[in-house]
Structure formats: C-alpha cells, structure tokens
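User: Please take me through this structure by question and answer, with the reasoning set out at each step.

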Amino acid sequence: RADLLGHMLAYIKLEPTNSLLRTETTALAMNACATLIKLEPRLSEADEFELIRVCTDACYKIPSVTTAAKPSKDKADISQDTLRVSEDLMDQCVTSLNSLLYELLLKDVSPDGLQRIAKHLEPFMTSAHAHERHRSLDSCGFVLEAFQSKINFPKGHEIPLFHNLPTLLARLAPRCSDDSLPIRQLAVK
C-alpha cells in the first residue's frame, strides 16, 4: 500500500498547478488513494499529513477557468471547449479530493480527526485567490457534513472537547462577507 500511495502522490505532484487541468490524472490518483486508505492499518500521522498536503495543493492551486479565460498579452486565447473540459476536470478533482478527505475522516471520526483535515484547509480559506477560497470552503463544508453525520456520542459518556472548533469558525466567519458572492453563499450554507 505504501508503494502504491507513493506512486499516486508522484503522479499528482507531476501535474502542473499553474495551468488549467488537461487530464484526469490528478482526480484518478486521488480516487486510488481514497481506495487505498480504506485498508488497515490506518496511515501514520506523517503519511496522512503528506497525503492531504499534496492533494490539497494539487487541487486548490490550479487556476480557475475564469482566470485562465481572461485575455492576456502573454497567452493565446483558450477555446470555450477547452475551458468547459477543464472546468469538468476541476469539478472531478474537487469531488475526488472530498472523497479522499471523507475516507480519512472515517478512520478517526473525532475532534482530533477533524482537526487533522481542517488544518490543511484553513490556509486556503484565507487565500488571496478566490478559487482557492471557494474550493477549500467546498471541501470544508463536505467534511463538516460528513463529520456531523458520522460522529456518535454514546449515551452516558462525556462529549469530547472540541478544542479546534473556535479556530475553524474563525476561518469560516470572514468568508460570510467575502468579496465573491459564490463564496459568501457557500460559507453561509
């Protein structure tokens, strides 16, 4: 499993993050990783950290279609078909990343498990780039919904302390008044 995960991460790292997606390699590699992490034993914290870091960087840093579509002296015009395909590939990439984060969360449905994922999303929530904020908020919402649906507090047991919740809320709150309307709508949702 470790060798296969290493190969998948290598494929993900080889994909450029400074241009539009042209292939589904990143999404397919993330899907493979999501399947591999279902296997026991659970990944070490270091391996999990590296997996999330590589996948979030690869997914969130890719420029948005609207940014790439803006005319520039340095680049040729991009066809509408290319933009449409790239947007579909980007949606597939975000969906694959969310599936990967979901599988990681299922390995530890606890405040600490949530924190291990959220700490990778938080820097992108405050990014200067709207597409990074939007994608990270999409993933954060997905992970929080999954967390809420999967967490189980047995009767008679003390509810664990959510020590990381204030930090996560502090990152989410400013997005409710973001410059970008889609981001504001996503944050309020």
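The following exchange concerns a predicted model and treats a helix pair, two cysteines and two further residues.

User: How are the axes of helix α6 and helix α7 directed relative to each other?

Analyst: Helix α6 covers residues 111–125 and helix α7 covers residues 130–150. They pack with their axes 8 Å apart, at an angle of about 165°. Angles over 145 degrees count as roughly antiparallel, and therefore α6 is, relative to α7, roughly antiparallel.

User: What is the handedness of the crossing of α6 and α7, and which residues of α6 make the contact?

Analyst: The crossing of the two helices is left-handed. On the side of α7, the contact includes E132, R133, S136 and L137. On the side of α6, it is made by P111, L114, I117, L121, F124 and M125.

User: How many residues of the contact of α6 with α7 are nonpolar?

Analyst: The residues of this contact fall into three classes. Two are polar and two are charged. The nonpolar residues number eleven.

User: How many disulfides does a search of the whole structure find, and why is there no bond from C59 to its closest cysteine sulfur?

Analyst: The cysteine sulfur closest to that of C59 belongs to C93, at 3.6 Å. A disulfide requires sulfur atoms within 2.5 Å, so this pair is too far apart for a bond. The search of the whole structure accordingly gives a count of zero.

User: Are C59 and C93 buried or exposed?

Analyst: A residue counts as buried under 20% relative accessible area. The value for C59 is 0%, and that for C93 is 1%. C59 is therefore buried, and C93 is likewise buried.

User: Is S139 buried or exposed, and with which residues is it in contact beyond its neighbours within four places in sequence?

Analyst: S139 is part of helix α7. Its relative accessibility is 0%, so S139 counts as buried. With neighbours within four places in sequence left aside, its contacts are Y60, L97, N98, L101 and L121.

User: Is R116 buried or exposed?

Analyst: R116 belongs to helix α6. Its relative accessible area is 12%. Since the limit for this class is under 20%, R116 is buried.

User: Which residues does R116 touch, and what is its C-alpha to C-alpha distance from E48?

Analyst: Not counting residues up to four places away in sequence, R116 touches R42, E45, E48, I52 and D108. One of these, E48, is 68 residues from R116 in sequence. In space, C-alpha to C-alpha, R116 and E48 are apart by 8.5 Å.

How values were computed: Residues are numbered from 1 along each chain as its sequence is written. This is a predicted model: local features need pLDDT of at least 70, side-chain atom pairs count only at pLDDT 80 or more; totals for chains, interfaces and linings use all residues. Side-chain values use heavy atoms; hydrogens and water are left out. Axes are lines fitted to C-alpha atoms, for helices over the stretch in contact, and angles run from 0 to 180 degrees between N-to-C directions. Helices (H or I, at least four residues) and strands (E, at least two) are DSSP runs, numbered from the N terminus. Angles under 35 degrees count as roughly parallel, over 145 as roughly antiparallel, 65 to 115 as roughly perpendicular and the rest as oblique. A crossing is left-handed if the near helix is turned anticlockwise from the far one by less than a right angle, and right-handed if clockwise. Contact means heavy atoms within 4.5 Å. Ala, Val, Leu, Ile, Met, Phe, Trp, Tyr, Cys and Pro count as nonpolar, Asp, Glu, Lys and Arg as charged, and the others, Gly among them, as polar. Buried means under 20% relative accessible area, exposed over 50%, partly exposed in between (1.4 Å probe, protein chains only).
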